2 protein chains.
Amino acid sequence: MNAEIIAVGSELLLGQITNTNARFLSQHLAEIGVNIYYHTVVGDNEAQLEDAVILAQKRADLIIFSGGLGPTKDDLTKETIARLIGTTLEYNEEALQSIEAYFAKTGRIMTENNKKQALVIKDSIILKNDNGMAPGMFAKADGTYYMLLPGPPREMQPMFLNYGRPEILKTMEKVERIESRVLRFFGIGESALETEIDDILMKQANPTIAPLAGDGEVILRITAKHESPDEAFRLIQQAEEEILERVGAFFYGYEDTTIAAELAAKLKEKQVTIAAAESLTGGLFLGELTAIPGTSAFVKGGVVCYTNEVKEQVLHVNKETLDARGAVSAECAKELAQNVRKLCDAHIGISFTGVAGPDKLEGQEPGTVFLAIAFEGKETIVHPLKMAGSRAGIRKRTVKYGCHYLLQLLD
Amino acid sequence: MNAEIIAVGSELLLGQITNTNARFLSQHLAEIGVNIYYHTVVGDNEAQLEDAVILAQKRADLIIFSGGLGPTKDDLTKETIARLIGTTLEYNEEALQSIEAYFAKTGRIMTENNKKQALVIKDSIILKNDNGMAPGMFAKADGTYYMLLPGPPREMQPMFLNYGRPEILKTMEKVERIESRVLRFFGIGESALETEIDDILMKQANPTIAPLAGDGEVILRITAKHESPDEAFRLIQQAEEEILERVGAFFYGYEDTTIAAELAAKLKEKQVTIAAAESLTGGLFLGELTAIPGTSAFVKGGVVCYTNEVKEQVLHVNKETLDARGAVSAECAKELAQNVRKLCDAHIGISFTGVAGPDKLEGQEPGTVFLAIAFEGKETIVHPLKMAGSRAGIRKRTVKYGCHYLLQLLD
C-alpha cells in the first residue's frame, strides 16, 4: 500500500508551527508496512488543496489528511474531498451530541459554527475524537482510500492510533511488518564509519542500513521488512553483528539513549563513584550525568574550575604547572583529575581543560582539549584532543569524549 | 515572489526526523514577504525528486531545497537539479580546500567520497557552510531561482540567514517588509500574561502579537507589515512599550537570547564575579553560563555538591544543618551560597538545592527547591520555590529562576 500525507494549514506555510503530524503518521505507518512517498503541506486554500489531492490520487492508494476539520470558514478539507469524490456531507448524530455535551460540560455557549464540525462525508467510517470536537473520517472512492484527521496533535495522535490505523489494517491483506533498530556510535566520523562497512552498505536490501550524523555522533538505523516479526528481528540481529564486528569499538548504545546515560548505567553496575574537574566544560559533564535519575549513588560531585584561581585554591594545582605549562596542558589536566578525585573521595576523577573558543587561549587554538582520567590505584591517563567547530560543539563533544573514554575504561 | 520548499530525505518519510527546516525557512521567508505555497518532502530517490521539481517549476519563482548534499551515494539533490536545468557540476576550489582543512585540523583521514561535497552546480553562487562541509548553491535558470541547502539544521540555518537570504533579497524589487520582534518573559505563566495584556491582544491588527510558551518561558512575537521598514519598526516599538508597561517586570530579552546570556551580559557590565554551589542542578547553571564566550572574566567557578559528603567536606556546610534541617532546606542553601562565594572569592555566591525527582528526597516532594544568593556585604536571600513537572523541567526552570533573581538583584 502506497500512501501520501497532506497537511492542510496556512500556519504551517507561515512557519508558525512545525508539521510534526507528518512525522508521527509516517513512523506509525512504516511500522505496519505502508510506504510513504510524499509529504505535502498546503494552505487553507481550496484550489491548492484540490491540486494536491488530484496529484496524490494518481500516485497513492491511501491519502491521509491532517487539519482543516475545525469550525471556521477556513476549514475546508472535508468539503473539498467530498466534492472531489462526488459525494456530499451530512450531519453525524453522535458527533453532534458529543459537541453539545462538550459545551454543556464546560459551561461555554455553543455557537452555530461549532455544528459544522459534526458534518461528515456521506457513507464514510467515523473516527471518534476523544480529545476534541471534530471527528475524523475514512472513505473509499474509485479504489483510493481517504483518511481525514484533525490538525492538533493531541486530537490527531490518539484518533489515529485507536481508530484510524485499525481501519487501514483491515484493508490490508498481508501485513509486512517493518522492524527497526538504531545503533549509536561515538569517536568515529560518518564517512570513516561508512568506509569501514562499505560492502555491508552496498549489498543492503533487506534489512536496509541508513547512516545519520548528528552532534559528533554517527547513528545507523537498521530496518527489516518481513511478514514474521521474528524473522525481521533475526535479519536485524545478523546485520548488527556484522557491523559491530568492524566498528564495535565505537558503539555505545541503542535507540534514543545518550552516551551519558550509558555511562551512568555502567557506573551504577560497576559501583564506581566519580568526581569531575570542569574547566572547559564548565559544569556540562556533571550536568548531563546528573540529568539521569538516581545518579547520587555514584556521582560524588566536582569543581567547576573556570578560573586559574579556583584551579589553584580549590583543586590545588601547582602554581608551577600553571605558570610553566599553562591551564591548557596535559600536566594541568592530570593534576585536576587526581586532585578532584581525592577532594571528593571518589574512585574516578575526570578533568576537562582546553580552549572552547572563539578566541585563542594561552596561544592555543580553539578545539585544543586535554581530558584526564585518574582511577584509584592506576596511572592517570591523559587524552589530548583536537576538534573543529563552534564553541558549543567543542564543549558538547568534549563531554561525549569523556563518557566514551570512561566507558572504554570500565569495560 | 512565490516560493516552495522541497525537503529531500527518506528519513523524513520514514518518520525518523521531523521537517523542522520547512518551518524555519517559511518563517524567515515570510518576514521578507516571500509567499510560500507548498512544502513537499520526497525520499532520496531521483525520480521522485524530479517529479517534485518539475511540478514546482510550474508554480514557483523560487524553489528551496534542503538535504541531499552530503557525501554518500544517496545524496543526489545537486546532481538532479543540474541535470534538470541543463547544466553540470564542477569542483569548487574553496569548498575543496575547506574540506581538506577540516580533515587536516581534526587529524582524521579524508575519504574519497568527501570530495563529492565540493561539487557544485556550474555558474551558481556558492553559499558558504560555516558549520559543515557541503556548501549551498543559488542558481537561476529559465526565470526560476533554485536554492540548495544542506539538511542538518545546524548547517542549514546559519547558511540561510547569513548567505542565502541576502541573495534572495537582491533579486526582489519591492519588498513589503515584515518586521518582527520577539520579547521573552520569565517568571509569569502564559495565561497570566495573556490576561494582563488581554485588551492589547484583542485590538491587534497591524502589528499582530502572537504568544508562544516553552520551557517555562513566555514568548511574544510582534509582527508588523509595511513598505517602509521605519514605519514597521515604529509600529512594533509602540506595541512593545504598551506591553512592557504592564508586564515589564518579567521581561528579560529579545529574539533568540537566553536568560543565561542576559545574566552573563549583566555580570560583565557591572563587573561582578560569581560562583555557584550546585546540588539539584548538578552543574547545569554554570554549564549554561559558561556556554557564552568570554565568561571567564566574571564566572569564577563553583562546586557541584551532589552528595552531602561534598557539601560538608568541600563547602563546609555544618553537619548540624544537614542533620537537623537536611540538604533540602533554606539553611543549607544559605550556607552553600555563602561558602561557595568565599571559597571561590567571588562577589556573588548562588546555590541550588532541592528535589528534582522522580523520587522524594528527605521526605520532600519533587519540585521543592531552595535557591540562595549571597552578595558580598549584603544579607543572603533565600528563595523557596515549588515546581511541577519532570526532572529535566524542574532542573532547567531552577537554572532560569537563578538567572531571573540575579538579574533582578543586579538591576
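1. On helix H5 of chain B, residues B:Glu94 and B:Ala104 are exposed. On the other side, B:Ala95, B:Leu96, B:Ile99, B:Phe103 and B:Thr106 are buried. The buried residues line one face of H5(B), because they fall within an arc of 110° when seen down the helix axis. The model is a predicted one.

2. H5(B) covers residues 93–106 and has 14 residues. From first C-alpha to last, H5(B) reaches 20 Å, close to the 20 Å expected at 1.5 Å a residue. The cover over its buried residues includes elements of both chains: helix H8 (190–196) and strand S17 (381–386) of chain A, and strand S4 (89–91) and helix H6 (112–115) of chain B.

3. Helices H11 (residues 259–270) and H16 (residues 391–410) of chain B have axes that come within 9 Å and cross at roughly 30°. The crossing is left-handed. Contact residues include B:Ile259, B:Leu263 and B:Leu267 of H11(B) and B:Cys403, B:Leu407 and B:Leu410 of H16(B). By class, the residues of this contact are eight nonpolar, one polar and four charged.

4. The loops on either side of H11(B) each hold a non-glycine residue with positive phi. B:Glu255, in the loop between strand S12 (251–254) and H11, has phi near 55°; its relative accessibility of 33% makes it partly exposed. B:Gln271, in the loop between H11 and strand S13 (274–278), has phi near 50° and is exposed at 67%.

5. The peptide bond from A:Gly357 to A:Pro358 is cis, with omega near 5°. In chain B, a cis bond joins B:Gly357 and B:Pro358, with omega about 5°. A:Pro358 lies in the loop between strands S15 (348–354) and S16 (368–375) of chain A, and B:Pro358 in the loop between strands S15 (348–354) and S16 (368–375) of chain B.

Notes. Residues numbered from 1 in each chain as written. Chains lettered and ligands numbered in written order. Predicted model: local features only at pLDDT ≥ 70, side-chain atom pairs only at ≥ 80, totals over all residues. Heavy atoms only, no water. Axes fitted to C-alpha atoms, helices over the stretch in contact; angles between N-to-C directions. Helix = DSSP H or I, 4+ residues; strand = E, 2+ residues; numbered from the N terminus. Left-handed = near helix turned anticlockwise from the far one by under 90°. Contact = heavy atoms within 4.5 Å. Nonpolar A, V, L, I, M, F, W, Y, C, P; charged D, E, K, R; others polar. Expected span 1.5 Å × (residues − 1). Buried < 20%, exposed > 50% of the residue type's maximum accessible area, 1.4 Å probe, protein only. Arc of directions from axis to C-beta.
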